[in-house]
Amino acid sequence: INAEYMGTLSECLFFFAQSHTMGKPRGMNTARKLRLHRVANRWADKDYKKRNLGTQYKCNPFGGTSHCKGIVLEKVGVEAKQPNSAIRKCCRVQLIKNGKKICAFVPRDGCLNFVEENDEVLIGGLGRSGHAKGDMPGIRFKVVKVSGVGLHALYRGKKEKPRS
């Protein structure tokens, strides 16, 4: 090392430590490297991947919408997971827009009596962004309306189901 540039020992060690450490690339010509590294690693982010591959339209039965209409195929009882012991009242529904068959939960006590086979129902999510909720295995959706009337209004007795 040239004597003119030779400072104190601590200055030399500082310069040596800066130039020989690992980590993210730094300096004038590293923008491309940093950008490509970021582009490659963004695919590890689940939300970014869902957004850019379009899987929310392909995999989600609703096709990216919040609610969907369907026809009731049958009424079923789903057993709750351990340690609970109950039969959750659900119904098999075929969606009108794409023909996919899903299982939807019918909330509240006795509301399954308002749902008949071949009724048109409006289905919404259960609130966990496509994941099963609570002790109901595989149930991701719930019934919101039956024949154009809100299920809660039917339950409270404020409205009656139209005769069809």
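## Three salt bridges

Let's start with the charged pairs: this structure holds three salt bridges. Keep in mind as you look around that the model is predicted.

Which residue does E120 pair with? Its partner is K69, and their side chains meet with N and O 3.5 Å apart. E120 sits in strand 4 (residues 120-125) and K69 in strand 1 (residues 67-79), so this salt bridge ties together parts that are 51 residues apart in sequence. Both ends can be reached from outside to some degree: E120 is partly exposed at 34% relative accessible area, and K69 is partly exposed too, at 44%.

## R88 and D135

Next up is the salt bridge between the side chains of R88 and D135, with an N to O distance of 2.7 Å. Here again, distant parts of the chain are linked: R88 belongs to strand 2 (residues 87-95), while D135 is in the loop between strand 4 and strand 5 (141-146), 47 residues away.

Are the two partners buried or partly exposed? R88 is partly exposed, with a relative accessible area of 25%. D135, on the other hand, comes out at 12%, and it counts as buried because the cut-off for that label is under 20%.

D135 has another companion worth finding on screen. The C-alpha atoms of K81 and D135 are 4.9 Å apart in space, yet the two residues are 54 apart in sequence. You'll find K81 in the loop between strand 1 and strand 2, where it is partly exposed at 42% relative accessibility.

## D119 and K161

The remaining pair to look up is D119 with K161, a salt bridge whose closest N and O atoms are 2.5 Å apart. D119 lies in the loop between strand 3 (101-105) and strand 4, and K161 in the segment after helix 5 (151-156), so the two tie together parts of the chain that are 42 residues apart in sequence. How accessible is D119? With a relative accessibility of 10%, D119 counts as buried.

## A positive patch

Now for some charges on the surface. K24, R26, R38, R42 and R51 form a positive surface patch. Take R42 as one of its members: R42 is found in the loop between helix 2 and helix 3 (46-53). At 40% relative accessibility, R42 is partly exposed.

## T30, tucked into a loop

Where does T30 lie? Look in the loop between helix 1 (9-19) and helix 2 (31-41). Being in a loop doesn't put T30 out in the open, though: its relative accessible area is 14%, so T30 counts as buried.

The side chain of T30 also has a polar atom 3.2 Å from the backbone oxygen of G27. If you want to see this on screen, pick out T30 and then look for the backbone of G27.

## Stepping back

With those details in hand, here's the overall layout. How many helices and strands does the chain have? There are five helices and six strands. Reading along the sequence gives the pattern α-α-α-α-β-β-β-β-β-β-α.

That pattern helps you place the residues above. T30 falls between helix 1 and helix 2, E120 and K69 are in strands, and K161 comes after helix 5. As for how much of the chain is hidden away, 24% of its 164 residues count as buried. T30, D119 and D135 are among the buried residues you've met here.

How values were computed: Residues numbered from 1 in each chain as written. Predicted model: local features only at pLDDT ≥ 70, side-chain atom pairs only at ≥ 80, totals over all residues. Heavy atoms only, no water. Helix = DSSP H or I, 4+ residues; strand = E, 2+ residues; numbered from the N terminus. Buried < 20%, exposed > 50% of the residue type's maximum accessible area, 1.4 Å probe, protein only. Polar contact = N/O pair within 3.5 Å; in protein donor to acceptor, adjacent residues only side chain to side chain. Salt bridge = Lys/Arg side-chain N within 4 Å of Asp/Glu carboxyl O. Patch = residues over 30% accessible without salt bridge, like charges linked within 9 Å, V, L, I, M, F, W, Y side chains within 5 Å. Areas by Shrake-Rupley, 256 points an atom, 1.4 Å probe, with all protein chains shown as cover. Lys, Arg positive; Asp, Glu negative; His and termini not counted. Charge placed at Lys NZ, Arg CZ, Asp CG, Glu CD.
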